[in-house]
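Colleague: I am new to this structure and would like a close look at a single part of it, the sheet in the second chain, with whatever surroundings help to place that part. Please take your time and connect the pieces as you go.

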Amino acid sequence: MARRNDAESGAGRVLRLAPAFDSSRLKLTAEEGFLLSRVDGQTPVDLLAEMAGMEFARASARFSDWLELGLLEEVACASDLETEPGAAPREGPEAVTVAFSVDESQLDPQLDIDIATQRRILAFESQLAGSYHERLGVEPGADDRAIKKAYFALSREFHPDRFFRCELGPYANRLSSIFKHILEAYEALSVPRPAAGKASETSQPGPLPETDAGPSALEREARPDLEKLERLSQRTSQSLPPGLRRERQQKAQAFDEASRESANQGRLREAVTSLRLAIQFDPDNVGYRRRLAKLKARVLEVQVLNQLEDSRHYGAMSEVELDRTMKSLEQLLENCPKDPELNERAALVALARDDTQRARIHAETAVEGSPEKARFHTLLGRVHGLNGHAGHARREFELALACDPGDKEARSELDGLLRRHGLSMPGGARG
Amino acid sequence: MARVIGIDLGTTNSCVAAFQDGQPVVIPSSGGYKVTPSVFAMTADAEHLVGHPARRQAITNAENTVFASKRLIGRRFDSAEVQRSLELYPYRIFEGPNEDPRISISDQTFTCSEVSAVVLREMKRIAEEFLGESVDSAVITVPAYFNDTQRQATRDAGRIAGLDVLRIINEPAAAALAYGMAHDGEEKIAIYDLGGGTFDMSILEMSDGVVEVVATAGNTFLGGEDFDQRIVDHLVGNFESEHGIDLRSDAMAMQRLKDVAEKAKCILSQRESTEINLPFLASDGEGPRHLTCELSRDQLEALVEDIVEGTLKSVEQCVLDAGLEPKDIDHVVVVGGQSRMPMVQEAVAEFFGQRPHKGVNPDEVVALGAAIQGCALVDGTQDVLLLDVTPLSLGISTAGGHFARIIDRNSTVPVNKSHPFTTTRDDQSAVKIRVFQGENDMALENDLLGEFVLAGIPSAPKGEPEIEVSFDIDSSGIVSVSARDMASGMKQSITVNAKSTLSEEELDLIIEENAQFDVQPRG
């Protein structure tokens, strides 16, 4: 094992990407980028250099820089690895029984937690830097069931609830950290669920409010920040072995197709869910993310429209809700200011808020857009009536009846109007 | 070690359980009732009534009888739910100093937590009477879909009632714990919980004494009360068209209608039709008017069809969130009194393609689960572990009022997650972190849990500073949020649960005032 002799130069050491590090701000050359992309937490650094076609010294210098930056972490017990040159990542059962030396000074007999358990906690804690599989103590190819079983067993051992209200001293934080690490490994290794997705998928690193000058919700949804998306995608899932990655990409494609089909059939929510799954399996695919942003914009639009669907609700809405509804409507109207249906709804909301001036503007726009629709005339008539313009109101109701002689609402509004003003209907108009 | 009890604090009824001889049992009151109405009333001579006595006098004293306060707890006064309750409930609801709804009966005002505390204290009393020893700690259940404020208000209620609240747990999770006691092996179960005022749907996986909540969905303002209300509306409408009398402003008549509606609803779960008879319901110039009519199961089903349909949407969402299909579920358990309705059972059976499990009592299973969790926490004799989730996404608002999720809903707790953010203006020296909970993409549509300012950011062009916002939820559900400027290392943080509808001083005052209602166990 020539490699062992290189221990001083660090040739045999194994590195992995630090989980929380945002590498998007690093300026990397293509060569460096490739080198970084090969880091998988399994392959020793000299092999990585070989794969990248870089001199070992140069690669090693880069790795040292990145280690210092916190981008990379040393994998624990790297010296125990027995990797042959050119060998694929280790297969088969892990050497689980690595003897960890526990810092005896950390043991505290005063706590509500026996010494054996304290030892176990300290030993397990020192093991956390390993791969996800190592953390859970399962073999690399373990199936979902084995992963879940391991996760449940470790939860029974380390979940903070197992030591509820015990005097734990520094062990309280250790337990909580251990459980979070176990959970992280379990979530990473188990089949992704739509709702348990990574937050980065729904919220890109974004600006914080100070000014409200940001784009409207609809615009934001419709025009994703592609640059950011691309940067984001650089930092994900580079560390997967190629075989697994391909498999995941294929799954992603299947989900993407399913999503397209759902979208074509108008089942948007389903489409979004499938697409999210696709992204979970293949987070590097910018196309999926773009399509998701578009789909979500459509969902939002449909949502707003549905909310506004039942105009009878407006009367029952609280002021706050009405304000919100009006805001949503304004957003939609920005895109299509002349849309008669939207203007009709805006007029109804304005009426519910007793804003008859505004109601008139929207009702007029609706009538302009579709002068053949009786109900728009009726609406405008009602607004005129409320504004005290009985004459205008009467004309609109008559226009409504001209468009649709069977329009009952126009008929009764007109009757009411005439009755209030002591007028009678022109003969024979009733019935 | 003092006894721990489990309390299912329901909208309509509450139930208490504890361990006896190694088994969780539901504790009956001295009157033999296993469930106690969550009703609180004050009589003309300022006597406090709770439970069955309070409920019995509700008709003659409707304005001073509080029911269904669980539908108000932890909500804002201006929320749609509270506004709707203003019209529906005969007791007076007004806006408190913290924008919370408060209740006024017999010229005394109560916060919703205090009303719940009255019921909790009664449950504590029932347990102490039965067990013959004092009880000081409890696990209390809430609907899985309760948000942080609602949970906190419930916790406050427990404190006011003189209980050490070990944990607030989700009702479906409690039901699963109780179900899991009797079932070994690996199973995926769906819990459909349609109670008096709330609806919850959860999917759980269990094996080896671990119960993992996989997904939850639901509606905290949908339940049996809404079924009753549909019947009442139907009867009021019929009465009006027959006699031309609007009963809506007559509190006593409405209470009688509500009572009879609930009874009719229960009967129609067993029989095809029932007669509703309310003599002397109103009177007009021609004398007294009676209400007599038939109500059939078909009619009832037509009245509530859309409500049942609505629950199925949550069911679908939940199954989808769990990444499963209906056929993957091994067992379906229905919980909550309203789930007794045949139409509900049919709908659930049809969705999952299997009949719901019959072995549990839907009224009692939640309290039993709460007792099991209590026991598992304090003395470890119950070897079960509940892996619970946070039901709603948590995040902060970003420019444009957008909601940036940091912890997704259905994340197992304890958990921490962080995410980088930046500034929107050149040389911006401070950012405001506003913490929200909810699912809407617009931050303001969600519930604001708290806010703080991170100042002292070194001068830099917009978009340059990197501000890491971290969320942490511990195993009892307490959320803390911190923000750190990576360049300067400046850090600010808050513990979100500190914000509740009651201030700490107010709470202490109430606890002191309420100490006088404490009872000593007999014997």
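Modeller: A residue is called buried here if 20 or more other C-beta atoms lie within 10 Å of its own, with the C-beta atoms placed from the backbone. By that rule, buried residues make up 54% of the 523 residues in chain B. Please keep in mind throughout that this is a predicted model. Chain B holds 11 helices and 29 strands, and of its contacts between residues at least 6 apart in sequence, 67% join residues at least 24 apart.

The part to look at is an open sheet of 5 strands in chain B, which follow one another in the order E18-E13-E14-E15-E19 with mixed pairing. Strand E18 (331-335) and strand E19 (385-387) of chain B are its edges, and because each has a single partner strand, one side of each is left without a neighbour in the sheet. From one strand to the next, the twist averages 25°.

In the middle of that order comes E14(B), which spans residues 199-207 and is mostly covered, with 8 of its 9 residues buried. Strand E13 of chain B, residues 187-194, runs antiparallel to E14(B) and is joined to it by 8 bridges; within this pairing, B:Asp193 stands opposite B:Asp200. The link between E13(B) and E14(B) is a hairpin of 4 residues. With strand E15 of chain B, residues 210-219, E14(B) again pairs antiparallel, this time through 9 bridges, and here B:Met201 has B:Ala217 opposite. The hairpin of E14(B) and E15(B) has 2 residues between the strands, and in it B:Asp208 takes a positive phi near 50°.

The mixed character of the sheet can be followed at E13(B), which is antiparallel to E14(B) but runs parallel to E18(B), to which 5 bridges join it. In that parallel pair, B:Ile189 faces B:His331 of E18(B). Helix H8 of chain B, made of residues 297-321, packs on the sheet and touches E13, E14 and E15 of chain B, while its direction makes about 140° with that of E15(B).

For the surroundings, chain A should be read with its confidence in mind: the pLDDT averages 72, and 71% of the residues score at least 70. Over residues 77-99 of chain A the pLDDT is below 50, and this stretch has 22 contacts in the model beyond near neighbours in sequence. The pLDDT is also below 50 over residues 209-238 of chain A, a stretch with 64 such contacts.

Elsewhere in chain A, helix H5 (residues 115-126) packs against helix H8 (residues 171-189) at an angle of about 50°, with their axes 10 Å apart, and the two are therefore oblique to each other. H5(A) passes H8(A) in a left-handed crossing, where A:Gln118, A:Ile121, A:Phe124 and A:Glu125 of H5(A) meet A:Tyr171, A:Arg174, A:Leu175 and A:Ile178 of H8(A).

A last residue to find is A:Tyr132, in helix H6 (residues 132-136) of chain A, which counts as partly exposed because it has 19 C-beta neighbours inside 10 Å. Setting aside neighbours within four places in sequence, A:Tyr132 is in contact with A:Ala185, A:Ala188 and A:Leu189. The C-alpha atoms of A:Tyr132 and A:Ala188 are separated by 7.7 Å, although these residues lie 56 residues apart along the chain.

Methods
Residues numbered from 1 in each chain as written. Chains lettered and ligands numbered in written order. Predicted model: local features only at pLDDT ≥ 70, side-chain atom pairs only at ≥ 80, totals over all residues. pLDDT = per-residue confidence, 0-100. Contact = placed C-beta atoms within 7 Å. Buried ≥ 20, exposed ≤ 12 C-beta atoms within 10 Å, placed from the backbone. Pairing = 2+ DSSP bridges. Axes fitted to C-alpha atoms, helices over the stretch in contact; angles between N-to-C directions. Parallel < 35°, antiparallel > 145°, perpendicular 65-115°, else oblique. Left-handed = near helix turned anticlockwise from the far one by under 90°.
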